[in-house]
Every structure is written in structure tokens, then in C-alpha cells.
Amino acid sequence: MTTDCIIVGGGHNGLIAAGYLARAGRKVTVLERREVVGGCCVTEERYPGFKMSVTSYVVSLLLPQVVRDLELKKYGYDFIVRDPSSLAAFPDGRTLRFFADGEKTRAEIARFSQKDAEAWGPYHAQLERLAQFAERILTAVPPDISVKNPFSLVSSLPLALHAWHLSAADRAKQIELLSSSAADYLDRFFESEQLKAVLATDGIIGAFAGPRTPGTAYVLLHHVMGGVDGRRGVWGYVRGGMGGLTQALARSAEAHGATIRTSSPVKRILVQNGRAIGVELESGETIKARQVLSNADPNRTFLQMVGRDQLPGEFADAVAAIRYRSASFKVNLALSGLPTFTHLPAGANPREWLTGTIHFSQSIDQMERAFDQAKYGHPSERPVVEACIPSLLDDSIAPPGQHFMSMFCQYAPYQLAEGKWDQARKDAFVESVIRVAEEFAPDIRSKILHIHALSPADLETEFGLTGGSLFHGDMTTDQLFSMRPVAGWSGYTTPIEGLLLCGSGAHPGGGVMGACGYNAARVALKQT
């Protein structure tokens with residue numbers, strides 16, 4: 001079999017690349033190792049009637065041009081805006097809600113600190129200004145900072161000009177965001193420990209880092225970047241679960257001629273005379289192609305599917321040095337009914353309180369201590385937990401009267417000090433997560449029908465994520481922009497001619513934004 005382009009991996013970035021290439025007239029074949037496309041952006045009915053977003057669970061950062069160009073709404077993509085966007089519940093019984101309406105949010109913050117309520121506007125405005133610059137970076141091909149091709153620096157002139165038009169203060173703040181910890185950055189604006197703790201949680205989600213780790217302030221930008229349906233900074237649920245997005249991407253690509261094959265794991269990327277010529281599947285079947293775009297992470301792409309013997313030694317060493325530290329653990333609950341959250345006022349409408357992210361809050365110091373345990377290979381005794389109940393807004397994902405709760409938890413280190421992530425260790429960590437939830441919803445245990453849990457080891461085994469890293473590698477300053485995946489090869493091309501990287505291991509990294517697939521497709525189209 002012969003095709004123009006092979007996409008290795010049918011996650012959202014691979015499907016986006018396939019969609020753009022197919023619309024440009026390329027003959028495209030997508031090869032997905034699992035039985036369903038979508039990668040970590042999937043809906044699965046693990047239990048009858050419960051359609052679970054098993055890994056990723058909210059949408060906001062998805063590039064609007066991807067939605068427009070690939071006509072995703074035509075192919076079934078739909079979303080539900082969450083408002084309030086989040087609820088934080090504190091051990092002292094108080095709550096803090098965040099709304100799309102800034103005035104309503106300020107009124108909530110004022111119950112903790114009038115000074116912080118007044119600082120909320122300047123804080124949010126500054127992040128929005130910096131986010132507008134960061135958004136330009138998402139779809140830029142990073143310059144090659146090595147001596148290999150110094151002329152590629154010219155491609156960054158538009159970004160440099162835009163940065164020059166930022167005020168001196170904002171340029172300084174941009175650098176500060178990249179280098180500061182979330183805790184230190186928030187200290188510059190706020191005094192309320194409760195407010196800072198909730199916002200700091202946004203800086204560590206998915207990262208092997210604590211709120212006092214330098215660089216975590218950058219992640220705060222993600223909560224004002226992007227948006228849903230033209231509304232900046234808004235996060236939403238995909239109707240029908242996150243697989244509703246990737247199924248729409250698949251239908252869009254297929255409508256323009258792409259072939260998508262599931263249960264088709266790639267064993268090797270075939271290389272001849274320094275050029276990718278196709279792939280060999282684990283079944284033994286070979287498929288030839290002029291281009292291969294890999295949506296797998298750099299470790300799997302280069303060290304497993306290509307092989308060191310086909311790569312320049314220095315490049316292979318750099319790829320081997322990429323850090324894939326993970327401490328993320330996902331718990332999905334099928335519930336017989338809505339738990340009773342004791343922090344809510346009597347008679348409260350759950351749709352006015354629980355439709356966004358629920359933060360089972362603790363202090364910054366408690367979060368840092370939880371991370372300290374993970375640093376030394378021990379799962380946190382009191383995990384950092386944030387939960388969502390999308391079935392409150394989407395009745396298609398759970399049986400009538402029942403609910404699906406998604407819980408994203410930290411810290412559960414992939415590399416344990418002793419032993420491995422066997423069932424007993426998973427059960428013990430799930431128990432610690434349930435205990436945290438019980439502090440705020442005492443009857444939650446009695447409502448649990450089924451528990452689906454994914455440890456970092458499960459994320460590696462089931463979803464092909466090295467080290468359980470959801471982002472295909474740490475998103476720290478030394479592994480971003482021109483350093484992603486490695487210095488000298490940040491422009492989606494690789495030392496193997498005709499082989500490109502289109503997954504989250506390339507710039508700009510992880511999250512359901514689609515920029516990696518979008519950018520890689522543009523580079524691929526320029527090559528032929």
C-alpha cells in the first residue's frame with residue numbers, strides 16, 4: 001500500500017494535521033494503535049450508560065482557526081459553556097466562585113479581602129495582555145537557535161516586533177511569568193491565602209511541580225488564553241464528552257479523503273538512506289509514503305520507532321535526555337446520584353454552584369508538602385484534587401438521575417521510591433482521593449457505583465505516554481519554544497528527511513489546543 005502522508009497516532013493533533021493535509025489534496029492515512037481515535041481526548045463507555053471523558057476533560061485552548069477551517073461544528077462538534085467556571089470549597093466551610101462576569105467574581109473575592117477584590121481587575125488585565133502575545137507564539141514556528149540554520153531567526157521578526165510594542169513593564173512581566181513560581185507571582189497581587197491557593201492550583205495542573213517551583217507562573221496564562229465560541233478565557237465541556245471533538249475531527253478528515261485505521265499500532269518508521277519511506281505495523285504490514293508525521297512523543301518516535309542507529313548520535317542523546325516526569329492520576333466515578341456538598345447553602349441549585357471545576361482546596365503550603373512527598377517517590381498522602389461533574393450540564397453522558405464525576409489528582413509520581421503502580425497501590429491512592437472528597441461531600445462514597453482509575457503507569461501503557469507525561473515531556477522553560485523537543489529541531493522537521501513531529505512533544509506543547517498538528521501540517525505542505 002502507498003499513500004502521500006502517514007500520520008502515526010490518531011490523537012487530536014494527528015487528526016488536525018490529517019484534516020489540513022487532506023483538504024490540501026494529499027492522500028492521508030492515519031494509524032491509531034487503540035481501538036478508537038482521539039488519543040487522550042476520548043469518550044469511552046467504560047460502564048453501561050456512562051460516557052466518560054477518561055483523560056482530558058475540558059476545552060478552551062483549541063485554536064479557533066482549527067474549528068473554522070476544519071468545519072468542526074458541521075461535523076458534530078458542540079460545547080457547553082460553564083458558568084460559574086469554578087467553585088473552591090475550603091475546610092472552614094467557606095466557598096469562592098469564579099464567574100464569566102468579572103463583577104460577580106470580585107464580589108466573591110471581597111468576602112475574603114477587599115484589597116484582593118480591587119487587585120483582581122489589574123491582575124486579570126495584565127494576564128490578558130501577556131496572553132495575547134503568548135497566543136501569537138502558539139502558531140509560530142520557533143527559530144532554530146543552533147548554528148545549523150541561523151537565517152531561521154528571521155521568521156521570528158514579527159514576534160519580536162510585537163514584543164517590542166509591549167510596554168516595558170509588560171515585557172518585564174513576561175519574563176517574570178516564565179521564571180517565577182505561581183506562589184511568588186500571586187504574592188505580588190493578593191493577600192488572601194484562600195484566593196492564592198485556588199489560583200496556584202491552576203499553575204501546577206499536570207506538572208511535576210509544586211506551587212513554589214520556578215516556572216509554574218507561566219501556566220496561569222493558560223486560564224485567560226483561548227476561549228469558547230469567541231469568549232476569551234472561558235472553559236467548557238464538549239457535548240457528549242471530549243471524544244465529541246476528536247470524532248468531529250475524524251469525520252472532517254474522512255470527508256476530505258483521509259483514511260483512518262484503528263487497532264493499527266506502528267512498530268517501526270522505515271528509513272532508507274536518511275529518509276522516511278513509510279512504516280511497518282506490528283501485524284507485519286508495510287505502508288509506503290512520501291511523508292510520515294508522528295503524533296507519538298519524541299521518545300517513542302525516535303528511540304523506539306526509528307531507532308538510534310538511524311539518528312545522529314548527538315540528536316539521539318538529546319532526545320534521550322528529555323524529561324517526562326509525571327505525577328498525574330485520573331479518577332473517573334460513575335455515581336448513583338449527586339453527592340451532598342455540605343458547603344452549599346440550603347436549597348442551593350447545583351447548576352449555580354457545581355457546573356465548573358470544583359477545587360477541594362488546601363493551602364499553598366499544603367500543596368507544596370504534597371509535592372515534596374512526590375519528589376522523593378511517594379504518592380501524596382493528601383492529594384491535590386479538582387473535580388468536574390459535566391453530567392449536570394450534559395444529560396447525554398450518564399443515565400437519568402445519575403452522574404459522572406471526573407477527578408484530576410496530584411501527586412502520584414510515575415517513578416516510585418519502592419515498587420511499582422500495581423492494583424494495591426492504585427487502590428490506596430484512590431482511597432486517599434475519596435477521603436479528600438469526603439471532607440466536602442461526606443456521602444460521596446455511598447453514591448459510587450463504579451471507579452475507573454488511571455495511574456501514571458496506566459497512562460503510559462494504555463495511551464502510549466512515556467512516563468505517564470500528558471504533555472509528551474515537561475513544559476519547563478528549558479523544554480519550550482526553540483528547545484522543544486530539542487535545540488536545533490524545534491521546527492517540526494527532524495534529522496530524518498520526510499519525518500515530522502506533530503504531537504505535543506513539539507512546540508507549543510501539551511493541552512487540547514491543536515497548535516502542534518496545525519503548525520506541523522503547514523510545514524509538511526511547504527516541503528512537497
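# Exercises on strands, helices and loops

Strand 1 (residues 2-8) and strand 14 (residues 286-294) pair in the parallel sense over six bridges. Two strands count as paired if DSSP finds at least two bridges between them. Helices (H or I, at least four residues) and strands (E, at least two) are DSSP runs, numbered from the N terminus.

This is a predicted model: local features need pLDDT of at least 70, side-chain atom pairs count only at pLDDT 80 or more, and totals for chains, interfaces and linings use all residues. Residues are numbered from 1 along each chain as its sequence is written, and side-chain values use heavy atoms, with hydrogens and water left out.

## Exercise 1. Strand 1 and its partners

Task: find the bridge partner of Ile7 in strand 14, then the residue opposite Ile6 in strand 2.

Solution.
- Step 1. Take strand 14. Leu293 is the bridge partner of Ile7.
- Step 2. Turn to strand 2 (residues 28-31). Strand 1 runs parallel to strand 2, and four bridges join them. Here Ile6 faces Thr29.
- Step 3. Check burial. Buried means under 20% relative accessible area, exposed over 50%, and partly exposed in between (1.4 Å probe, protein chains only). Five of the seven residues of strand 1 are buried, and the strand is mostly covered.

## Exercise 2. Two hairpins

Task: for the hairpins of strands 12 and 13 and of strands 3 and 4, state the pairing and find the turn residue with positive phi.

Solution.
- Step 1. Strand 12 (residues 266-272) pairs with strand 13 (residues 275-281) in the antiparallel sense, over six bridges. Gln272 stands opposite Arg275.
- Step 2. Two residues lie between strand 12 and strand 13; Asn273 in the turn has a positive phi of about 55 degrees.
- Step 3. Strand 3 (residues 43-47) and strand 4 (residues 50-53) are also antiparallel, with three bridges. Thr43 has Ser53 as its bridge partner.
- Step 4. Two residues lie between strand 3 and strand 4; Gly49 in the turn has a positive phi of about 90 degrees.

## Exercise 3. The seven-stranded sheet

Task: give the strand order, explain the edges, and place the helices that pack on the sheet.

Solution.
- Step 1. Read the order: 7-6-16-17-18-15-19. The seven strands form an open sheet with mixed pairing.
- Step 2. Look at the edges. Strand 7 (95-98) and strand 19 (448-454) each have a single partner strand, so one side of each is left without a neighbour in the sheet.
- Step 3. Add the twist. It averages 20 degrees from one strand to the next.
- Step 4. Inspect one pair. Strand 15 (residues 328-335) and strand 18 (residues 403-410) run antiparallel, joined by eight bridges. Phe329 stands opposite Cys409.
- Step 5. Add helix 13 (residues 423-438). Contact means heavy atoms within 4.5 Å. Helix 13 packs on the sheet and touches strands 15, 16 (357-360), 17 (384-388), 18 and 19; its direction makes about 65 degrees with that of strand 15. Axes are lines fitted to C-alpha atoms, for helices over the stretch in contact, and angles run from 0 to 180 degrees between N-to-C directions.
- Step 6. Add helix 15 (residues 456-463). It touches strand 15 and strand 19, at about 75 degrees to the direction of strand 19.
- Step 7. Check cover on helix 15. Pro456, Asp458, Leu459, Glu460 and Phe463 are buried. Their cover includes helix 10 (298-306), strand 15, helix 13 and strand 19. Gly464 follows helix 15, with a positive phi near 70 degrees.

## Exercise 4. Helix 1 against helix 9

Task: describe how helix 1 packs with helix 9.

Solution.
- Step 1. Helix 1 (residues 12-23) and helix 9 (residues 243-255) pack at about 20 degrees, with axes 8 Å apart.
- Step 2. The two are therefore roughly parallel. Angles under 35 degrees count as roughly parallel, over 145 as roughly antiparallel, 65 to 115 as roughly perpendicular and the rest as oblique.
- Step 3. List contacts. Helix 1 residues including Leu15, Ile16 and Ala22 meet helix 9 residues, among them Leu249 and Ala253.

## Exercise 5. Two loop residues

Task: are Pro339 and Ala348 buried or exposed, or in between?

Solution.
- Step 1. Pro339 sits in the loop between strand 15 and strand 16. Its relative accessibility is 4%, so Pro339 counts as buried.
- Step 2. Pro339 touches Met405, Ala441, Asp443, Ile444 and Lys447, not counting residues up to four places away in sequence.
- Step 3. Ala348 lies in the loop between strand 15 and strand 16. At 23%, Ala348 is partly exposed.
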